[in-house]
Amino acid sequence: MMTEAESHETRLRRLRMRSWRRGMKEMDLILGPFSDGALAELDDGEFGIYEALLAENDQDLYRWITARLSGQGGEAGPAGFGSLLDRIAAHAAGRFAAPGG
C-alpha cells in the first residue's frame, strides 16, 4: 500500500520489481513487460488494483490471464480485477502474436 511519503515513481519502481520477481517464470514474462510499459499509464485507482492483483497466487493469475488469451472461457478471476486482467492479457497477446499475423 502506498504511504504518503512514497512518490508515484517509487511506487512504480516497487511494482515493476514485484512484477518481474514472481514465483512462476510464466508470470514474470507476462507481468514484467506489462509493468515496463503499460503500468505507467494506470491512474492511482488502477495502481491500487494492480497492487492487490500482485498479492494473488501466481497459479490463479496465470489461469485468469490465459483464460482471456485462449478465448475458450475458463475461470476469468474476481470481477474487481476484470478490466485490469483484460489489459494485461491484451498486452501479452500483442507481445506473443506471430509477426505479420
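# A guided tour from Ser70 to the core

Start by selecting Ser70, whose side chain reaches the backbone oxygen of Ala67 at 3.3 Å. Ser70 lies in helix α4, and its relative accessible area of 40% makes it partly exposed. If you add Ala89 to the selection and draw a C-alpha to C-alpha distance, the pair should come out at 9.9 Å in space, with their positions 19 residues apart in sequence. Keep in mind from this point on that what is on screen is a predicted model, so every distance on this tour is a computed value taken from that prediction.

**The whole chain**

Now zoom out and colour the protein chain by secondary structure, which shows 5 helices and 0 strands, in the order α-α-α-α-α from the N terminus on. Colouring by confidence instead gives an average pLDDT of 87 for the protein chain, with 87% of the residues scoring at least 70. Confidence is lowest in α5, at a mean of 90, and highest in α2, at 95.

With a surface switched on, the accessible area of the protein chain comes to about 5700 Å², and carbon and sulfur atoms account for 54% of it. Of the 101 residues, 35% count as buried. A contact map would add that, among contacts between residues at least 6 apart in sequence, 60% join residues at least 24 apart.

**The other end of α4**

Return to helix α4 and select Asp58, which lies in this helix. Is Asp58 buried or exposed? Its relative accessible area is 8%, and it therefore counts as buried, the limit being under 20%. Show polar contacts here, and two features appear around the side chain of Asp58: a contact of 2.6 Å with the side chain of Arg22, and a reach, also of 2.6 Å, to the backbone nitrogen of Gly23. Leaving out residues up to four places away in sequence, Asp58 touches Arg22, Gly23, Met24 and Met27.

From that list, select Met24, which is found in the loop between α1 and α2 and is buried, with a relative accessible area of 15%. Beyond its neighbours within four places in sequence, Met24 is in contact with Asp58, Gln59 and Tyr62. A C-alpha to C-alpha line from Met24 to Asn57 spans 9.8 Å, although the two are 33 residues apart in sequence.

**Along α2**

Move next to α2, which has 12 residues and reaches 16 Å from its first C-alpha to its last, close to the 16 Å expected at 1.5 Å a residue. Highlight its buried residues, which are Met27, Asp28, Ile30, Leu31, Gly32, Pro33, Phe34 and Ser35.

One of these is Asp28, which counts as buried at 10% relative accessibility. Which residues does Asp28 touch, not counting those up to four places away in sequence? They are Ser19, Trp20, Arg21, Arg22 and Pro33, and Arg22 is also the residue whose side chain makes the polar contact with Asp58. The C-alpha atoms of Asp28 and Asp58 are 9.7 Å apart in space, for a separation of 30 residues in sequence.

**From α5 back to α2**

Select Arg95 in helix α5, a residue that counts as partly exposed at 40% relative accessibility. Leaving aside neighbours within four places in sequence, Arg95 is in contact with Leu29 and Pro33. Its C-alpha lies 9.7 Å from that of Phe34, while 61 residues separate the two in sequence.

**The nonpolar core**

For the last stop, hide the surface and show side chains. In soluble globular proteins, nonpolar side chains tend to be buried together. In this model the largest nonpolar core has 23 residues, and those with the most contacts inside it are Leu39, Tyr50, Leu53 and Ile88. At least two residues of this core come from each of α1 (8–20), α2 (25–36), α3 (44–54), α4 (58–70) and α5 (82–96). The helix that gives the most is α5, with 5 residues.

Finish by centring the view on Ile88 and displaying its contacts. Not counting residues up to four places away in sequence, Ile88 touches Ile30, Leu31, Phe34, Tyr50, Leu53 and Ile65. Among these partners, Ile30, Leu31 and Phe34 also belong to the buried residues of α2, which can be kept highlighted from the earlier stop.

Conventions:
Residues numbered from 1 in each chain as written. Predicted model: local features only at pLDDT ≥ 70, side-chain atom pairs only at ≥ 80, totals over all residues. Heavy atoms only, no water. Core = buried A, V, L, I, M, F, W, Y, C linked by side-chain atoms within 4.5 Å. Buried < 20%, exposed > 50% of the residue type's maximum accessible area, 1.4 Å probe, protein only. Helix = DSSP H or I, 4+ residues; strand = E, 2+ residues; numbered from the N terminus. Contact = heavy atoms within 4.5 Å. Areas by Shrake-Rupley, 256 points an atom, 1.4 Å probe, with all protein chains shown as cover. Expected span 1.5 Å × (residues − 1). Polar contact = N/O pair within 3.5 Å; in protein donor to acceptor, adjacent residues only side chain to side chain. pLDDT = per-residue confidence, 0-100.
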